[in-house]
Amino acid sequence: MNCSISGEVPEEPVVSKKSVLLYEKRLIERHIADYGKCPVTGDPLTMDDIVPVKTGKIVKPKSLTAASIPGMLGMFQNEWDALMLSNFVLEQQLHTARQELSHALYQHDAACRVIARLKKERDEARSLLAQAERQAPLTASAATANVSALSNGKRVAEDGDMGPGSKQMRPGVSESIIAELTECNAALSQQRKKHQIPPTLAPVDALERYTQLSSHPLHKTNKPGISSIDINLSKDIVATGGIDSSAVLFDQTSGVILSTLSGHSKKVTSVKFVAPSNVILSGSADKTVRIWQGSEDGNCDCRHILKDHTAEVQAITVHATNNYFVTASLDSTWCFYDLSSGLCLTQVEDPSNSMGYTSAAFHPDGLILGTGTTEATVRIWDVKSQGNVANFDGHTGSITAISFSENGYFLATAAHDGVKLWDLRKLKNFRSFELYDQDTPTNSGT
């Protein structure tokens, strides 16, 4: 029994009620869907007129081509040709996909390069703008100095600030600044007389019981090390200067880094807060000092870059007025700056100190400056006259730190041989703490 359409034995035979003809189910379904009539008689026909026929399992007879070896070889050849054609099409599609992917990657790389170049141009523009803003007040000061330097219609110096020995001339500490420093000194001295030791001051035995509560890696691990530190007590923020040439602002309360101050090319040797004005000062071994202006969101912008020193800047100390600060350098000079303009008012050179300064600190009253040298000498200066009024000898090696007592009567100095305490009223050392001596101090004076 063969299908009336294909002439082959049907796999799913069905019979028409009207014509009683046998069909392959899938073929008659398609024909009815397309034409709606019987393919043999042409009479109208629907699927309701089709009745399935139940039969046993039908075994298809082998085709004539598979009945012989040449026929089978022909079938295999046809299958192989079809397989090769399909493989060729797949390879073409793969090649096209690879080309599209390569083009997309090239476009992505080009976009990244354009973005990087635009960022670089943006940063350079910002740097030029900041530099122009920093030079604006200095340009005005130089113009004023040039006008005053005119004599008989001729300019005394081409730049208006060059003096003998090709050294830059400074405006100096004016009378108004000296009056401001003196007024601050009088006010602080009066307050100091009424000052009492706070009851919350930790005793020695409490300090000995101190233990580490936490540790925070703030700087780069490829150049580890912290060379300086300062604390803003009002905001509980710690500033650190690192060997990795950057300074970091760390919020001790939340334990997060607020900002990283990048710009120096060598290690940062000193960092200082100027708390009321939200300003941070940083000195570096790259011979520069930077003035950073902080904002409420924690970011800091470099407002001034000071390049008055010719060797490493080792120390920065801020005056009690918070309007001035001093930097000390290995070039054997210390500079007195105006904080608002970043202008160096005076640069004091000490001919007797050939090795340079390693530390500096203002007296609590602000009219005395202490500096430590690489020659183990502590020098005391009168800020108003910039004159050396006293020297303390006795250390071995460079002076690494200087600190005045809160009442202003004593001075502590540190060097490689230990710590010494000095009485500023008697100008003598009254106690020394040797290095690694953790038990009892040795008195070197009375």
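1. In this predicted model, strand E18 and strand E19 (residues 368–373) run against each other in the antiparallel sense, and five bridges make up their pairing. One position where the two can be followed residue by residue is Ala 361, which stands opposite Gly 370 in E19. For a reader new to such arrangements, it may help to recall that the strands of a sheet pair through backbone hydrogen bonds, and that this pairing is either parallel or antiparallel.

2. The pair just described belongs to an open sheet of four strands, whose order is E18-E19-E20-E21 and whose pairing is antiparallel. At the edges lie strand E18 (357–362) and strand E21 (387–392), each of which pairs on one side only. Going from one strand to the next, the twist averages 25°.

3. Within this sheet, Arg 379 deserves a look of its own, since its place is in strand E20, which covers residues 378–382. Is Arg 379 buried or exposed? Its relative accessibility is 7%, and because buried means under 20%, Arg 379 counts as buried. The side chain of Arg 379 also has a polar partner, for a contact of 3.4 Å joins it to the side chain of Asn 391.

4. A second residue to examine is His 264, which is found in a loop, namely the one between strand E9 (256–262) and strand E10 (268–274). With a relative accessible area of 6%, His 264 is buried, even though its place is in a loop.

5. Which side chains make polar contacts with the side chain of His 264? One is that of Asp 286, at 3.2 Å, and another is that of Thr 288, where the polar contact is 3.4 Å. Both of these residues also appear among those that His 264 touches when residues up to four places away in sequence are not counted, a list that further holds Ser 245, Ser 282, Gly 283, Ser 284 and Arg 290.

6. Finally, a colleague inspecting the interior may wish to ask how many cavities of 30 Å³ or more the structure holds. There is one, and the volume of the largest cavity is about 30 Å³. Its lining is formed by Ser 16, Lys 18, Ser 19 and Cys 38, together with Thr 41, Asp 43, Pro 44 and Leu 45.

Key. Residues are numbered from 1 along each chain as its sequence is written. This is a predicted model: local features need pLDDT of at least 70, side-chain atom pairs count only at pLDDT 80 or more; totals for chains, interfaces and linings use all residues. Side-chain values use heavy atoms; hydrogens and water are left out. Buried means under 20% relative accessible area, exposed over 50%, partly exposed in between (1.4 Å probe, protein chains only). A polar contact is a pair of N or O atoms within 3.5 Å; within protein, one must be able to donate a hydrogen and the other to accept it, and residues adjacent in sequence count only if both atoms are side-chain atoms. Contact means heavy atoms within 4.5 Å. Two strands pair if DSSP finds at least two bridges between them. Axes are lines fitted to C-alpha atoms, for helices over the stretch in contact, and angles run from 0 to 180 degrees between N-to-C directions. On a 1 Å grid over the protein atoms alone, a cavity is a set of points where a 1.4 Å probe fits but cannot get out, and a pocket is an open set with protein on both sides within 12 Å along at least five of seven lines; lining residues have an atom within 4 Å of a point. Grid points are joined across faces, edges and corners, and a volume is the space filled by probe spheres set on the points.
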